[in-house]
Amino acid sequence: MQIRTERLVEEFQELVSVDSVSYRERDMADLLKDKLGMLGIDAIEDNAGEHCGGNAGNIYGVWKGTLPGAPILFSAHMDTVEPGIGKKAILQEDGRITSDGTTVLGSDDAAGIAEILEAIRSIQEQNIPHRDIEVLFPVAEEVYGRGSHVFDYSCIQAKEAYVLDLSGAVGTASLQEPTLIPFTVEIQGKASHAGFAPEEGIHAIAIAADAIGQIEQGRIGEDTTVNIGKISGGTATNIVPEHVIMRGEIRSYEHRKAIEMVEKVARIIEETAKAHGGSSNMTYDVHLHAYKIEETEPVVKRFEKVCQELGIESRLTRTFGGSDNNSFLQHGIRGIVLACGMNQVHTTDEYTTVEELKRSASIVAKLMTSEE
């Protein structure tokens, strides 16, 4: 199958030029609806923006095929991280595509979007039989997958998915992602004058420090991490601080362990606060739910077969990040996350290459036309 490389790169550059930081994906959503319409795919936009506090919803479409077999879902998210306003994709002489150094490039995830669109366009132009294809371009993926979390999955028929949202060499696929739980702790002490009556106060920062010292952080075993990354409190240097807020997160490949660790952290803080005469309150939210896809599942074997046919080395791995695939698994869709030509993401050094874009688009097109 022929992928038109120059057109792919030009479309990638066009997508990058659209400002689409999380919660402000309106222009990207409108552009994708137009592009899907030109491909003969009716696009539907949901009301995810209303739920998330953004200005656009998830974009979903169906492309009916002629080959037998269940539909396959392809997905790439619309939003980027900051700094993402005024992005430009600059093609370097060595085939690398970079930003101008003042913003992220946005290959996370404009690369995935461009590759899906080019695969569909190439299949149509060459009149190649293909499966029923569903596409979903979510908003707000970079903020714990909030867009895909509120999507109405009753409209999706596919039970397998390929999510283009992974760093690394094209041909790499992640089969496992963790539960991710951010938490907030409020510690209440008692204010008093630090010079005249320090003994009358209950030092909230001291409580926090004592508790943090008891909480095991960093990597806990092989499958769990704990981090308290932000702390704030106090009002003045001469006042015993009465209030502290701590924020952190827990990740684990085992959902049960993540919940147990949240409970352990809350218990340590609560007992420490009581011992000092203070109190604490901890709130948390399960933003991502752990999953694991087995290497023997059809969605994996199909990917490996396609890579082999294209002469691309396949590599199966796992990641400690998260993606929209976490949401898909919660709704019975067995998906894997594919590398799509994004490197050094979430930095102003982010880049992709022409060859990676082409190779990834070729994999997507081959998956769409697979009979198994």
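**View 1. Strand 7 meets strand 17 in this predicted model.** Val163 stands opposite Val337 in strand 17. Strand 7 covers residues 160–167, and strand 17 covers residues 334–342. The two pair in the parallel sense over seven bridges.

**View 2. Eight strands make an open sheet.** Their order is 1-2-6-3-7-17-8-16. The pairing is mixed. Strand 1 (43–45) and strand 16 (315–317) are the edge strands, and each pairs on one side only. From one strand to the next, the twist averages 25 degrees.

**View 3. Strand 3 is covered on both faces.** Ile72 and Phe74 lie on one side. Leu73 and Ser75 lie on the other. All four are buried. Strand 3 pairs with strand 6 in the parallel sense, over four bridges. Ser75 has Leu136 as its bridge partner in strand 6. Strand 3 also pairs with strand 7 in the parallel sense, over three bridges. There, Ser75 stands opposite Val163.

**View 4. Helix 2 and the sheet.** Helix 2 spans residues 26–38. It lies across strand 1, strand 2 (59–63) and strand 6 (133–137). Helix 2 runs at about 155 degrees to strand 1. Helix 4 packs on the sheet too, touching strand 2, strand 3 (72–75), strand 6, strand 7 and strand 17. The direction of helix 4 makes about 100 degrees with that of strand 17.

**View 5. Phe74 in the largest nonpolar core.** This core has 79 residues. Phe12, Phe74, Phe137, Ile336 and Met368 have the most contacts inside it. Helix 4 (residues 107–125) gives the largest share, nine residues. Leaving aside neighbours within four places in sequence, Phe74 is in contact with residues including Ile116, Ile133, Tyr162, Leu164, Val364 and Met368. Glu134 is also among the contacts of Phe74. Nonpolar side chains tend to be buried together in soluble globular proteins.

**View 6. Another core lies apart from the largest one.** It has 24 residues. Among them are Ile181, Ile207, Ile220 and Ala258.

**View 7. Helix 6 and its buried residues.** Helix 6 covers residues 204–214. Its buried residues are Ala204, Ile207, Ala208 and Ala211. Seen down the axis of helix 6, they fall within an arc of 95 degrees, so they line one face of the helix. In an α-helix, with 3.6 residues a turn, residues three or four places apart point the same way. The buried residues of helix 6 pack against strand 10 (179–188), strand 12 (224–233), strand 13 (243–252) and helix 7 (255–275).

How values were computed:
Residues are numbered from 1 along each chain as its sequence is written. This is a predicted model: local features need pLDDT of at least 70, side-chain atom pairs count only at pLDDT 80 or more; totals for chains, interfaces and linings use all residues. Side-chain values use heavy atoms; hydrogens and water are left out. A nonpolar core is a set of buried Ala, Val, Leu, Ile, Met, Phe, Trp, Tyr and Cys residues joined through side-chain atoms within 4.5 Å. Buried means under 20% relative accessible area, exposed over 50%, partly exposed in between (1.4 Å probe, protein chains only). Contact means heavy atoms within 4.5 Å. Two strands pair if DSSP finds at least two bridges between them. Axes are lines fitted to C-alpha atoms, for helices over the stretch in contact, and angles run from 0 to 180 degrees between N-to-C directions. The arc is that of the directions from the helix axis to the C-beta atoms.
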